[in-house]
Amino acid sequence: MVTLSVITKITYSSLFLLIVSVNLLGQATKTATDKNSDYSYFRGGSMSVVPSSHQDIAWMDSIGKCIEFRDEKMITPVLARLKANSDFKFSVEDGLSLREYLQRHPDSYDEILKYTREGRLEWGATYKQPYESMYDGESLIRQAYLGRKWLKKTLPGCDSKVYWNEDVPGRSLQMAQILSKSGIPYMQFSRHQPGIYRWYSPDGSYITCYTPGQYDEVGIPVREAKTDIVPLTKAFTSIMTEWNDYYKKRKIKPELQFLYSHDFATPPDYDAFFNDWNSKSQKQGKPTINYATATEWFDAVTKGKPAFDKILGERPDVWLYIHGPSHQRALKASREGSRLLTAAEKFATFDALQQGSFRDYPQASFTKAWENAIYPDHGWGGKHGDMTDRTFRTVYETARTIASGILEKSMNNIAGRIKHTNDAIPVTVFNTLSWERTDIVKFTLDAEGKPENTYRLTDQNGREIAYQLIDEHQIKGNRDEVITFLFVADNVPSLGYKTYYLENGKPSPVSDSFKNNNRSYENTYYKVDFSDGGIKSLYDKELSVNLLNTDKFLGAELFTMQSVGNGAGEFTDVQLPTMEGFAKMSQFGQQWSLVSEGALRDVYEFRKEISNVTVVQQLIFYKTIKRIDIHVELNGFNGERYREFRLAFPVNQAKSEVAYEVPMGVVRIGKDEIAGAAGFSKASQIYDTPCSQVHPREVQDWFSASDGTTGITISSDVAVFDWIDPTSNPEGYTILQPVLLASRKSCHGEGNYYLQPGDHNYTFSFYSYGGDWKNGYRYGTQSNQPLKAVAAKPTSGGTMPETMSFISIENKNLILSTVKKCEDDDNVIVRCYDIEGKDSDAKITLSSPVQKAELTNMIEEEGKLIPGSGASLNLSVGHNAIETVKLFVK
C-alpha cells in the first residue's frame, strides 16, 4: 500500500510546475534544469507518446454534437493518419465510440479491423467510463461484456486490454478484481499521484495502472509548443528528467509514457519532431520517441520484475454529488432497473430450464436493457446538460421497464406450471435473492364485484395467514375495484417461490395487546416516544438498549442546509453543505398522527409545508417482523438553488464502526480505503485529505453502524450517505444520514443547474440486532429487493411443486449475483461473491441437473473444469472473491 508523503507531493508538484514554467517562459535561454538534466536511466529505452482524446458521452456539447465530433474530428482523421503514416497509433477510450462510428460509417469496418489487428488502433475495454461506485457489481461487469467481449466478437482476432477512466477521482473497492477477472490487466487513469501502480482488490487480484497526474494538465507545454522542435525538445526532456529517479528506484524498464489527451483532442502530428529527436537520441544518450498504444506501452513496462507501488482499497469519489443527490429521479430509476435486470435474468433462466429450451429466452431484450442500464457515464450536465441529463434518465427508465416486463412474464410462466392442491386463488411469492427469507409481501387483486372482507389467506398446508388491506396498489391502469394485501411470507426458499391461497371466507380476527397514541408506540420489538418532527426515543426490547442519541437531532428527522457547489469539478474535497438556511423538522411543531392500524403494521404520519417544499413523512412499524420503515416525500419542491435535504439517524454508540455496501463488497470506514491521500494531480489540485476521511460516500443497498454489541442497518434508497455531523459545532458521535436531494450546478461554464423541482419520494428500512454489519446486511438488501407475488386463476395440468428453490448456496457469506443464459450458447452462468471476507468451500444445490461445470472468467471465457454434476457442485471461493461458473445443462 502507498502512503503519500509531503516530500513526494513536493517532488511531483515541482515536476509539473516546472513543465508549465518552461512553457510560459517561452523559448528563452536554457534553464538550470536543462543544464542539469539527468535522464540517464532512459538511455537505450523509449518514450511512448500515446495519442488519445478524452471523450465523455456529452459534456462538451449535446450528445449528438459529441458523436459528430468523435466521427469528424477524431476517428475519421485518425484513420487518415493511420493510412498516411505506418508509425502512427491511437487509443480510443471506450467501446461505445466504435459502435457509434460503425453505425455512421459501416463501410469503414474493414479498415478499422485492419488497423486494430495491426495493433495501431485500439479501443478501451469497457463500454464507457463510469462512476464506478454509482453502479452495482453486475452493472460494472457488464461494462466488460459490452466492452471487451463485444469488441472481440465484432473485431475477430483483436483484443482490448486497457480500461480507461481518466476523469473520475474515485475507484471502487472491487473494480480491480472485476477488470482482472474479465481479462483486462491494465488501467489508464488520472487525478491521482503520478506513477505506475499495482491496484489490488481485497481478494488479492490486481491490475497495473498508470496516471500522469491530471490527464489534461500534463500535456499543456507539449500542446502549446505545437510542432516547434525547440520547445518540444525542452518539454519532453523535462518530463524524462523528472521521471528518471522514479523509474530507477523501482527498477522499472526504461519505457516512459507521455499521454497526449485532453477533452475533444484531435490526432496529433509530431512526425517531424520525432524524426529530429531520434536522429540525435543515440548521440545525446536519450531514449527513442515513438507513437504507441496504451496496451503496447503497458506490455513493455511490465516486463521484468519492476517494484511498482501497491494500492489496496477504495478511493472514495469526491464527485459523488453529481449523480444521486443532483439527479435523484434518474439514479432511483437506475438502481431499480439494475436490481430488476438481474432478477429478470434469474427467473427468465429458470423459466427456460423448465421449458427445456432457451428458444424463448429474451436475449435481445436483455442486451438492449443492459445497453441502456449502463449507458450514462461520468458526463452529467455540461453544455446542453439538460438534454444530456434527460437522456440519461430516459435510458435508465427504459432499462427498468424492459426488466420489469421480462420478470413479470417469467414469474407468470413459472406460476402457471405449479400443481395446485387448492381450488382457491393461488398467490405465488417469488424470492429473487439467494437465501431463504421471511419478509413482507404486497400484491394487488382485481376484486370487481366482490366485497373486501370475503377472503382468507392460507399457506399450502391450510394454515391461515394474517393479512392487512392497504392502499398501495401494485397495479397500473384502473384502480376502481382492486384491493391490495400485505402479509408476511415465511421461509420463502432461495431463488424460488412459495404458494399461498386466497379462499372465500372471513379472516380470523387478530388481537393486539398494545394500546398506542400520537405520542408513544410499543410493539413486540420496540418502545417509541415521538417528538414533533421525529423520534425522541427508540428502545430495542430484545437488546435492552436505547438505539438513538437525540440530544441534537431526532431519529428520522429531516433537515435542510445550503449546498453551494457543483457535482464534479476541479476541487479536491467534497463541497460540503453550510448552515445558511438551516432548518430541521423539530422546529415546526408538527405532531405525528396514527393514520393506519392493522394486524401487521401501524402507520404514523405528519405533513408540513416549510420553505421551498411540503414534507410528508411516515413511520411504519411492523408487528411480526423486526423492522421500521421510514417513508419521506418532498412534494412540490420549487427548485430553490443550492438547497440540500438530509435525514438524520443519530446513533447511541460511544464509538461506532460505520460500514456500507459498495459494488460486490463492503467498506468499513477507516479500514478499507486506500492508505493516505490520493496526492498530486496538478499544481492547483492536490488531494491531501486522507481517503479514510473523505465524506459523504457512495452507497449501494445499505449502510450500518455498530459498536460490537449493537448494530443498526438502514436500507438505502439513495446513492449517497454521510455519518459525520455536517452542522456547526458538530457532535462527535455517529449520525447516519442519507443525502436525499441537492440542487447544485454543473461546473461547465455553459452548464445547467440541477434544480429537480417537483415531487421526490424515498423509503428506508431500519433494523437493529446484536453484533456488527454481518448480522444486518441481508436485511438491508431485502428491503431493496422485496418479495414479489403473482395472483392468478388456478391452473390445471401443472406439474411443479407448490414450493421450490431453483438454486441455493449454503454459505451465509456468499451471494449469488446472477443466474443467466450464457452469451455464446444455451448453457447457464452462475456468479457468486463473498461479502464477509471468508474463504469458503461452497456447496451449490440445483433444481435442474447439470452434466459438468467450469470456472470461467467474468465474461464467460477460459473455462476450467471443476468438480460437480447432477444436482450439486462444490466451489472453492476465496475471501472477497467473485467467481463465475458455467453450468452445462442436460
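This note sets out numbered points on a predicted model of one protein chain.

1. Overall build. The protein chain contains 15 helices and 47 strands. Along the principal axes, its C-alpha atoms fill a box of roughly 100 × 65 × 45 Å. A compact globule of 890 residues would have a radius of gyration near 29 Å, and the 29 Å of this chain agrees with that.

2. Interior and surface. Of the 890 residues, 62% are buried. The accessible surface comes to about 32,000 Å², and carbon and sulfur atoms hold 47% of that surface. Among contacts with a separation of 6 or more, 74% are between residues 24 or more positions apart.

3. Charges across the chain. The protein chain carries 101 positive and 112 negative charges, and the mean positions of these two sets are 3 Å apart. Side chains of opposite charge can pair when their charged atoms come close. In this model the count comes to 65 salt bridges. The next points consider some of them.

4. Lys128 and Asp94. These two residues form a salt bridge in which the closest N and O atoms are 2.9 Å apart. Lys128 lies in the loop between strand E3 and helix H6, while Asp94 lies in the loop between strand E2 and helix H4, so the pair ties together parts that are 34 residues apart in sequence. Both Lys128 and Asp94 are buried.

5. Lys152 and Glu861. Here the closest N and O atoms of the salt bridge are 3.0 Å apart. Because Lys152 belongs to helix H6 and Glu861 to the loop between strand E44 and strand E45, the pair ties together parts that are 709 residues apart in sequence. Lys152 has a relative accessible area of 25% and is therefore partly exposed, whereas Glu861, at 17% relative accessibility, counts as buried.

6. Asp167 and Arg191. The salt bridge between these residues has its closest N and O atoms 2.8 Å apart. Asp167 is in the loop between strand E4 and helix H7, and Arg191 is in the loop between strand E5 and strand E6; the pair links parts of the chain 24 residues apart. Both Asp167 and Arg191 are buried.

7. A shared network. Salt bridges with partners in common join Arg148, Lys149, Lys152, Lys153, Asp159, Asp824 and Glu861 into one network.

8. A buried charge without a salt bridge. Asp56 is found in the loop between strand E1 and helix H3. Asp56 is buried yet has no salt bridge. The nearest side chain of opposite charge is that of Lys128, 6.8 Å away; a salt bridge requires a side-chain nitrogen within 4 Å of a carboxyl oxygen. The residues that Asp56 touches include Arg70, Lys128, Asp167, Asp377, His378 and Gly379. Lys128 and Asp167 were met above in salt bridges with Asp94 and Arg191, respectively.

9. A cis peptide bond. The bond from His695 to Pro696 is cis, with omega near 0 degrees. Pro696 lies in the loop between strand E32 and strand E33.

10. Positive phi angles. Lys226 is not a glycine, yet its phi is positive, at about 55 degrees. Lys226 sits in the loop between helix H8 and helix H9, and is exposed, with a relative accessible area of 62%. Leu495, also not a glycine, has a positive phi of about 40 degrees. Leu495 is placed in the loop between strand E16 and strand E17, and counts as buried at 0% relative accessibility.

Key
Residues are numbered from 1 along each chain as its sequence is written. This is a predicted model: local features need pLDDT of at least 70, side-chain atom pairs count only at pLDDT 80 or more; totals for chains, interfaces and linings use all residues. Side-chain values use heavy atoms; hydrogens and water are left out. Helices (H or I, at least four residues) and strands (E, at least two) are DSSP runs, numbered from the N terminus. The radius of gyration is taken over C-alpha atoms; the globule rule is 2.2 Å times the number of residues to the power 0.38. Buried means under 20% relative accessible area, exposed over 50%, partly exposed in between (1.4 Å probe, protein chains only). Contact means heavy atoms within 4.5 Å. Accessible areas come from the Shrake-Rupley method with a 1.4 Å probe; for residues, only the protein chains shown count as cover. Lys and Arg count as positive and Asp and Glu as negative; His and the chain ends are not counted. The place of a charge is taken as NZ of Lys, CZ of Arg, CG of Asp or CD of Glu. Lists of a residue's contacts leave out its neighbours within four places in sequence.
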